[in-house]
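Trainee: I have a model open and want to go through it with you. Where do we start?
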Amino acid sequence: ITIIGSTAAYDFGAQTNLYSCLKFSLLGLVRALNNEYQNIDTKFSIISPSTINNQMGLQVPGQKVDTLIEQSSLSKTICDRILNLNNYFEPEVIIRRNEIQRHE
(Lines give C-alpha, C1' and ligand atoms only; values in the text may rest on other atoms or scores of the structure.)
Protein backbone atom coordinates (compact mmCIF):
# COMPACT_ATOMS: atom_id res chain seq x y z
CA ILE A 1 0.00 0.00 0.00
CA THR A 2 1.52 3.31 -1.08
CA ILE A 3 0.65 6.70 0.37
CA ILE A 4 1.68 9.97 -1.26
CA GLY A 5 3.30 12.24 1.30
CA SER A 6 5.41 15.36 0.97
CA THR A 7 8.91 16.54 1.82
CA ALA A 8 7.05 19.00 4.05
CA ALA A 9 7.05 16.14 6.59
CA TYR A 10 10.81 16.65 6.86
CA ASP A 11 11.00 20.43 6.34
CA PHE A 12 8.79 22.43 8.66
CA GLY A 13 8.42 26.03 7.49
CA ALA A 14 6.96 29.08 9.17
CA GLN A 15 3.92 29.23 6.88
CA THR A 16 3.50 25.48 6.30
CA ASN A 17 3.43 24.06 9.83
CA LEU A 18 -0.10 22.63 9.73
CA TYR A 19 0.46 21.01 6.32
CA SER A 20 3.84 19.71 7.49
CA CYS A 21 2.33 18.22 10.65
CA LEU A 22 -0.31 16.37 8.65
CA LYS A 23 2.29 14.94 6.26
CA PHE A 24 4.51 14.02 9.23
CA SER A 25 1.52 12.14 10.67
CA LEU A 26 1.25 10.10 7.46
CA LEU A 27 4.95 9.28 7.72
CA GLY A 28 4.41 8.10 11.30
CA LEU A 29 1.40 6.04 10.24
CA VAL A 30 3.43 4.19 7.60
CA ARG A 31 6.20 3.47 10.10
CA ALA A 32 3.69 2.21 12.68
CA LEU A 33 1.82 0.02 10.19
CA ASN A 34 5.06 -1.58 8.99
CA ASN A 35 5.99 -2.35 12.61
CA GLU A 36 2.55 -3.68 13.47
CA TYR A 37 2.15 -5.83 10.36
CA GLN A 38 5.74 -6.90 9.76
CA ASN A 39 4.77 -10.58 9.58
CA ILE A 40 2.32 -10.30 6.67
CA ASP A 41 2.90 -9.89 2.95
CA THR A 42 1.31 -6.43 2.79
CA LYS A 43 3.86 -3.63 3.09
CA PHE A 44 3.29 0.09 3.48
CA SER A 45 5.27 2.80 1.69
CA ILE A 46 5.20 6.58 1.60
CA ILE A 47 6.53 8.54 -1.36
CA SER A 48 7.28 12.15 -0.46
CA PRO A 49 7.95 14.53 -3.34
CA SER A 50 8.95 18.18 -3.19
CA THR A 51 6.75 20.85 -4.74
CA ILE A 52 5.23 19.74 -8.03
CA ASN A 53 4.55 21.85 -11.11
CA ASN A 54 0.77 21.54 -10.86
CA GLN A 55 -2.19 23.62 -9.68
CA MET A 56 -1.38 23.14 -5.98
CA GLY A 57 2.38 23.61 -6.36
CA LEU A 58 1.91 26.85 -8.26
CA GLN A 59 -0.03 28.26 -5.30
CA VAL A 60 2.94 27.93 -2.93
CA PRO A 61 4.24 31.48 -2.46
CA GLY A 62 7.70 32.42 -3.66
CA GLN A 63 8.48 29.24 -5.62
CA LYS A 64 10.90 29.23 -8.55
CA VAL A 65 8.62 27.66 -11.13
CA ASP A 66 11.47 26.40 -13.31
CA THR A 67 12.70 24.23 -10.39
CA LEU A 68 9.38 22.50 -9.65
CA ILE A 69 9.11 18.76 -10.27
CA GLU A 70 7.33 17.94 -13.52
CA GLN A 71 4.12 16.03 -12.89
CA SER A 72 4.49 13.56 -15.77
CA SER A 73 8.02 12.58 -14.80
CA LEU A 74 7.03 12.17 -11.16
CA SER A 75 4.02 10.04 -12.10
CA LYS A 76 6.25 7.65 -14.02
CA THR A 77 8.72 7.43 -11.15
CA ILE A 78 5.93 6.70 -8.66
CA CYS A 79 4.46 3.99 -10.91
CA ASP A 80 7.89 2.40 -11.32
CA ARG A 81 8.36 2.34 -7.54
CA ILE A 82 4.89 0.91 -6.87
CA LEU A 83 5.26 -1.82 -9.50
CA ASN A 84 8.67 -2.88 -8.17
CA LEU A 85 8.81 -6.69 -8.35
CA ASN A 86 12.17 -7.09 -6.60
CA ASN A 87 12.60 -8.89 -3.30
CA TYR A 88 12.67 -5.64 -1.33
CA PHE A 89 10.38 -2.68 -0.74
CA GLU A 90 10.98 0.99 -0.01
CA PRO A 91 9.07 2.11 3.08
CA GLU A 92 10.10 5.77 2.62
CA VAL A 93 10.99 7.44 -0.66
CA ILE A 94 11.97 11.12 -0.77
CA ILE A 95 12.02 12.82 -4.17
CA ARG A 96 13.51 16.29 -4.03
CA ARG A 97 14.07 18.98 -6.60
CA ASN A 98 17.64 19.57 -7.70
CA GLU A 99 17.40 22.97 -6.05
CA ILE A 100 15.91 22.72 -2.57
CA GLN A 101 13.85 25.78 -1.74
CA ARG A 102 12.67 26.32 1.82
CA HIS A 103 9.26 27.80 2.56
CA GLU A 104 9.57 31.12 4.31
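Mentor: With a term: a residue is buried if its relative accessible area is under 20%, exposed if over 50%, and partly exposed in between. Keep in mind that this is a predicted model.

Trainee: OK. Is Thr67 buried or exposed, then?
Mentor: Thr67 is buried, because its relative accessibility is 16%, and the cut-off is under 20%.

Trainee: Where does Thr67 sit in the chain?
Mentor: Thr67 is in a loop, the one between β3 (52–53) and β4 (69–70).

Trainee: And what does the side chain of Thr67 make a polar contact with?
Mentor: With the side chain of Arg97, at 2.9 Å.

Trainee: What else is in that loop between β3 and β4?
Mentor: Leu58 is one of the residues there. Leu58 has a relative accessible area of 49%, so Leu58 counts as partly exposed. Its C-alpha is 8.8 Å from that of Leu68, and the two are ten residues apart in sequence.

Trainee: Let me step back. How many helices and strands are in the protein chain?
Mentor: Two helices and five strands. In sequence order the pattern reads β-α-β-β-β-α-β.

Trainee: What box do the C-alpha atoms fill?
Mentor: Roughly 45 × 25 × 20 Å, along the principal axes.

Trainee: And what share of the residues is buried?
Mentor: Of 104 residues in the chain, 33% count as buried.

Trainee: Pockets next. What is the volume of the second largest one?
Mentor: About 210 Å³. It is lined by 13 residues, and those closest to the centre are Thr2, Ser45, Arg81, Ile82 and Phe89.

Trainee: Which elements each supply at least two residues of that lining?
Mentor: β2 (45–49) and α2 (71–82) do.

Trainee: What is the lining of the second largest pocket like by class?
Mentor: Six residues are nonpolar, four are polar and three are charged.

Trainee: You named Arg81. Which helix is Arg81 in, and is Arg81 buried or partly exposed?
Mentor: Arg81 is in helix α2. Its relative accessibility is 34%, so Arg81 counts as partly exposed. The C-alpha atoms of Arg81 and Ser48 are 12 Å apart, with their positions 33 residues apart along the chain.

Trainee: What about Ile47, where is that?
Mentor: Ile47 is in strand β2. Ile47 has a relative accessible area of 2%, which means Ile47 is buried.

Trainee: How far apart in space are Ile47 and Tyr37?
Mentor: 19 Å from C-alpha to C-alpha, for residues ten apart in sequence.

Trainee: Changing topic: how many aromatic pairs does the count come to?
Mentor: One. The pair is Tyr37 and Phe44, with ring centres 6.3 Å apart.

Trainee: Why is that pair called tilted?
Mentor: Because the planes of the Tyr37 and Phe44 rings are at 45°. Planes under 30 degrees apart would count as stacked and over 60 as edge-to-face, so the rest are tilted.

Trainee: Are the two partners buried or partly exposed?
Mentor: One of each. Tyr37 has a relative accessible area of 36% and is partly exposed, whereas Phe44, at 9%, is buried.

Trainee: How many disulfides does the count come to?
Mentor: Zero. As for cysteines, Cys21 is at 38% relative accessibility and counts as partly exposed. Cys79 is also partly exposed, with a relative accessible area of 43%.

Trainee: Last one, Tyr19. Which helix is Tyr19 in?
Mentor: Helix α1, residues 17–36. Tyr19 is at 33% relative accessibility, so Tyr19 counts as partly exposed.

Trainee: And how far is Tyr19 from Ala8 in space?
Mentor: Their C-alpha atoms are 7.3 Å apart, and the two residues are eleven apart in sequence.

Key
Residues are numbered from 1 along each chain as its sequence is written. This is a predicted model: local features need pLDDT of at least 70, side-chain atom pairs count only at pLDDT 80 or more; totals for chains, interfaces and linings use all residues. Side-chain values use heavy atoms; hydrogens and water are left out. Helices (H or I, at least four residues) and strands (E, at least two) are DSSP runs, numbered from the N terminus. Buried means under 20% relative accessible area, exposed over 50%, partly exposed in between (1.4 Å probe, protein chains only). A polar contact is a pair of N or O atoms within 3.5 Å; within protein, one must be able to donate a hydrogen and the other to accept it, and residues adjacent in sequence count only if both atoms are side-chain atoms. A disulfide is a pair of cysteine sulfur atoms within 2.5 Å. On a 1 Å grid over the protein atoms alone, a cavity is a set of points where a 1.4 Å probe fits but cannot get out, and a pocket is an open set with protein on both sides within 12 Å along at least five of seven lines; lining residues have an atom within 4 Å of a point. Grid points are joined across faces, edges and corners, and a volume is the space filled by probe spheres set on the points. Ala, Val, Leu, Ile, Met, Phe, Trp, Tyr, Cys and Pro count as nonpolar, Asp, Glu, Lys and Arg as charged, and the others, Gly among them, as polar. Rings of Phe, Tyr and Trp (its six-membered ring) pair if their centres lie within 6.5 Å; planes under 30 degrees apart count as stacked, over 60 as edge-to-face and the rest as tilted.
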